[in-house]
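Welcome! Below are some short exercises, each with a worked solution. Have a look at the structure, try each task yourself, and then read on.

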Amino acid sequence: MGSWTGKQVPMVRLELGVPSAAATISCHQTLGSKVQHLPSLPQICHAGDGQAFASALQQLYTAVTQQEAKQAQKRQCSEDDADLASTAETTGDLHPPPPSQEDETTPYHERTTTLGASGRYEGKIARNSDRFKELTPNYNPDIIFKDEENTGADRLMTQRCKDRLNSLAISVMNQWPGVKLRVTEGWDEDGHHSEESLHYEGRAVDITTSDRDRNKYGMLARLAVEAGFDWVYYESKAHIHCSVKSEHSAAAKTGGCFPGRALATLEDGAQTPLWALRPGQRVLAMDVAGRPTYSDFLAFLDKEPHALTSFHVIETQEPPRRLVLTPTHLVFVAENASAPTAHFRPIFASLVRPGHFVLVVAGGGSLQPAKVVGVRDRRDVGAYAPLTRHGTLVVDGVVASCFALVQEQHLAQLAFWPLRLYHSLVGWPGAQGDGVHWYSGMLYCLGRLLLPPDSFHPLGVPWAES
């Protein structure tokens, strides 16, 4: 989901704005000298008309370098180096876990900071309520359910939680052969947790490994993040707490993405599905002058392989093309075919109408306008938001932006300048986990603080839900 994504941001500590992808493990290592000696942010704004914004970007760039360094270190840490802290934030301070609880059945009062990651509490689900049908049983033989109540309640959860849990079970067996994932608490129908706990909605689980080896729990938390849980917290010495967004939250289903099977064009002319893109590959895009160019693929601003997503389908003729993207995503449009390519303006996909013109790749690799003849909706599984150095991308032969939610292509491109600079200096990251990229999430938080609500697409604003 593109930057300024239309999804609610995965944050681990709301007061710090630290995303879940950076919240599992911290390593006792110092920052590499390559990161410590990165150059300061250039003066990109003229004196008198942008110093405040430049100062903000300077701080943002510092946060980027520190956070990326921490993530790089975490990938190199051994299991024994995994720290028991629940978060690792941009300032370098560590927040120790709460006092130990030897009894794993004793509920710990979940933090209100869960709101930023897994969304708001929507009400307790009882067996006789209409919402009980939202829960589905999990009979995965690779997961051990404690089920101390002997009611099967721990097996009941939302589909989103089930998908993440099943993915985590595979990771656990790959990480520790012979060891399985163990669930100590799932759906709670007996009121054993704190008020507004997501356990009451089947959106939270408490997990351990089957051997109950607490030395593994730091890595288990990291694997949970990589499996796509929206909130992961080392809640006590006895277990890891994980939760997910609501199934019918607009923030969980709507953002700025393309389906995973949509095609990008590589520099050698070959086409590849978006899900298969790797950092450093060069893909067909458009530069600021409206000319086709090949641009470095940097990262996914969002990656949800299993998410059931609502897409907008834009169809053209002469030449025939079909672009599938989420309603909040930006696409370049003009009112008539005579407009120069550089004058095509980015608008939300939901605003595109038959009679508009979009830019498509013609014979010989040039860009030309094509008339929109149809717009419809469809649902598909998988959602990917690639970020390129130019902030644009040709998808299935149609030029689109890498960004979403805020209808400001130039602003979004400028906001991602520190991340692009970091990749230029340090290189490409390792494997990227599922979910919203932490930097995209941080920008979303900043946008929510600095921009008025009407700056965002309604489908991407959580409080705009009906």
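## Exercise 1: A sheet and its helix

Glu185 stands opposite Asp206 in S9. Before going further, keep in mind that this is a predicted model.

**Task.** Find which strand pairs with strand S9 over 4 bridges, and in which sense.

**Solution.** Start from the pair just named, Glu185 and Asp206. Strand S8 covers residues 181-185 and strand S9 covers residues 204-209; the two pair in the antiparallel sense over 4 bridges. Next, widen the view: 5 strands make an open sheet with mixed pairing, in the order S6-S8-S9-S11-S10. At its edges are strand S6 (143-145) and strand S10 (231-236), each paired on one side only. From one strand to the next, the twist averages 35 degrees. Finally, add helix H4 (residues 159-175), which lies across S6, S8 and S9 and runs at about 140 degrees to S8.

## Exercise 2: Strand S20 and its partners

**Task.** Work out how many bridges join strand S15 to S20, and how many join strand S19 to S20.

**Solution.** Take strand S15 (residues 292-317) to begin with: 16 bridges join S15 to S20, and the two run antiparallel. Within this pairing, Lys303 stands opposite Tyr384 in S20. Then turn to strand S19 (residues 357-361), which is joined to S20 by 5 bridges, again antiparallel. Here Val358 faces Ala370 in S20. S19 and S20 form a hairpin with 5 residues between the strands, and in this hairpin Gly364 takes a positive phi near 85 degrees.

## Exercise 3: Thr388

**Task.** Is Thr388 buried or exposed, and what does its side chain reach?

**Solution.** First, place the residue: Thr388 is found in strand S20 (residues 367-388). Its relative accessible area is 0%, so Thr388 is buried. Its side chain reaches the backbone oxygen of Thr392 at 2.7 Å. Setting aside neighbours within four places in sequence, Thr388 has contacts that include Val283, Phe297, Cys402 and Arg420.

## Exercise 4: Rings together

**Task.** Decide how the rings of Phe416 and Tyr439 are arranged, and then do the same for Trp438 and Tyr439.

**Solution.** The ring centres of Phe416 and Tyr439 are 5.1 Å apart and the planes are at 55 degrees, so this pair is tilted. It links distant parts of the chain, 23 residues apart: Phe416 is in the loop between helix H7 (409-415) and helix H8 (417-426), while Tyr439 is in helix H9 (residues 438-450). For Trp438 and Tyr439, the centres are 5.7 Å apart and the planes are at 80 degrees, so that pair is edge-to-face. Phe416 and Tyr439 are buried, and Trp438 is buried too. To complete the picture, Phe403, Phe416, Trp438 and Tyr439 form one aromatic cluster.

## Exercise 5: An enclosed helix

**Task.** Explain why helix H5 is largely enclosed by the rest of the structure.

**Solution.** Look along residues 217-226: 9 of the 10 residues of helix H5 are buried, so H5 is largely enclosed. Among the buried ones are Tyr217, Met219, Arg222 and Val225. Just after H5, Gly228 takes a positive phi of about 105 degrees.

## Exercise 6: How confident is the model?

**Task.** Find where the pLDDT stays under 50.

**Solution.** The protein has a mean pLDDT of 76, with 70% of its residues at 70 or more. Residues 1-50 stay under 50. Over residues 78-115 the pLDDT is below 50 as well.

Note on methods. Residues numbered from 1 in each chain as written. Heavy atoms only, no water. Pairing = 2+ DSSP bridges. Axes fitted to C-alpha atoms, helices over the stretch in contact; angles between N-to-C directions. Contact = heavy atoms within 4.5 Å. Buried < 20%, exposed > 50% of the residue type's maximum accessible area, 1.4 Å probe, protein only. Polar contact = N/O pair within 3.5 Å; in protein donor to acceptor, adjacent residues only side chain to side chain. pLDDT = per-residue confidence, 0-100. Phe/Tyr/Trp six-rings, centres within 6.5 Å; stacked < 30°, edge-to-face > 60°.
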